Amino acid sequence: MSDLLHGLEVAKHNSKDSCWVIVSGKAYDVTDYLEKHPGGSAIILQYAGKDATSVYQPIHPAGTIEKALSADKHLGPVDPSTISTVSAPQVSRNLDKMARIPLSHCLNLDDIEKAAERIIDRASWAYFHSAADGLGALANNQNDWRKVLLRPRVMRNVRRVSMQRTMLGFKSRLPFFIAPAARAKLVHEDGELCLARGAARAGIPYCPSTYSTVPHDELAQCWTTTRGNSEYGALWFQLYIAHEKSSAIELITKARTLGYQALVITVDSPVVGKREEDERYRAELVTASGDASLLTEWSKPQESEDGPPLRGHHSSTLNWEDLGWIREAWQNAGPIALKGIQTAEDAAIAVEHGIDAIYLSNHGGRQCDDAPSGISTLLEIRKFYPDILTKAEFYLDGWVRRGADVIKALCLGAKGVALGRPFMYSVAMGDEGVMKVIQLLSEEIETTMRNMGASSLDQLNPSFVNTKRLELELPDDLNFAFNEAALKAKL
């Protein structure tokens, strides 16, 4: 036992100046990593000198800390008899005492959310449920679908309907896919594996997050095994561009090597949005821990010219020129999509740069407050740059909760839609919950198609919808900061 570190020795290193943590029985010196941690330094400092295993494991793939720290920061195993278990501070809510809702009682995706809220602890709920600032962008996502009305046609033979779609060149049994979202292990021990299995069984695409809590190689293996010989479905890779170009290239190379079939680059996160529900809970936790000095750590201003900006967890320098080296690293391994396009101008620029797919999204309302919904941006594109709808594939997300929402998007030119939060909520109920979301949405799409008078998705077009209410909120013209005339000429 003499070669083991003593827990009391680790406990001495409990400050910003010298911060050690214990993970899975081993001690690590994370002092120099505090300012690099994507989740901020506050959460690490809460466990400075302590055992952080319970908070680390649910949100990090195996091997994350070993890879993030150089070998000299791996301090070695700690005598287990000297490690004291740390009880994380908790802030309860009244819903904790309420009865669970059986999955069989869930008749729509709103019911799935209500059922999940009874299961998910408050910390995880705050992370998944939160949105930016005054929730204006979230409200746009929620409200804009109702501003587009359906125009059903009658007296058509809809005895048989087909919901199949080809998205990014891959066959899908349904016109939707699972959007990238992180930290699924917060709500279920299998985490993103539930989503990979669900997508493979249903024959739809799945796009795991860069920050998947299950390693990407395990997800790829799980998806491949579950899919078997089926020709339906696909596995795409969502990419956040890191501060260091080398880290981004490493991720792209990894995705290509593992056989991910498309690269989906998130471009709307130069900094992380101010998500008050999540940050309020963090503040309450810090207060409960008794160390109020940590309150300012999460939103720390830029301290030097070369340092990351306020909330700058990803690259804040990403620009159109970077597509060159990204393509070089990807080596034409599949289509490239840009996720987070929110204006007609940027959609047009993306097409000019030869992007295969444009993913309209305001990040679930989590980034820029009062940003437009995906369906609103799609209408803006139809108004100002209708020709580009034939030059790239268009996808969107943003509070898709009904089969009718999917139909509206497809009528207006989208190839498919994505869902994030409903699937993350469903993971709390395991594989059965994920399949329930797919079942509910597919049944609604099928029913809506028949009532609309459409027997296949290819029949859907703008004549099936009335968009006048939402069009009233679109700009009269575009105050385009670039050379709009030159761009139009090229398009």
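Q: Over how many bridges do strand E2 (residues 26-29) and E3 pair in the antiparallel sense?
A: This is a predicted model, in which local features need pLDDT of at least 70, side-chain atom pairs count only at pLDDT 80 or more, and totals for chains, interfaces and linings use all residues. Residues are numbered from 1 along each chain as its sequence is written, and side-chain values use heavy atoms, without hydrogens and water. Strands are DSSP runs (E, at least two residues) numbered from the N terminus, and two of them pair if DSSP finds at least two bridges between them. Tyr-28 has His-74 in E3 as its bridge partner, and E2 and E3 pair over three bridges.

Q: Which strands are the edges of the open sheet E1-E2-E3?
A: Three strands form this sheet with antiparallel pairing. Pairing on one side only marks the edge strands, E1 (20-23) and E3 (74-77).

Q: Which helix gives the largest share of the largest nonpolar core?
A: A nonpolar core joins buried (under 20% relative accessible area, 1.4 Å probe, protein chains only) Ala, Val, Leu, Ile, Met, Phe, Trp, Tyr and Cys residues through side-chain atoms within 4.5 Å. The largest one has 107 residues, with Phe-176 and Ile-358 making the most contacts (heavy atoms within 4.5 Å) inside it. Eight of its residues come from one helix (DSSP H or I, at least four residues), H17 (residues 430-452).

Q: Which strand gives the largest share of the lining of the largest cavity?
A: A cavity is a set of points on a 1 Å grid over the protein atoms alone where a 1.4 Å probe fits but cannot get out, and lining residues have an atom within 4 Å of a point. Residues lining the largest cavity include Leu-168, Trp-236, Ala-357, Ile-358 and Tyr-359. Three lining residues come from strand E13 (residues 357-360).

Technical notes. Buried < 20%, exposed > 50% of the residue type's maximum accessible area, 1.4 Å probe, protein only. 1 Å grid on protein atoms, 1.4 Å probe; cavity = no way out; pocket = protein on both sides within 12 Å on 5 of 7 lines; lining within 4 Å.
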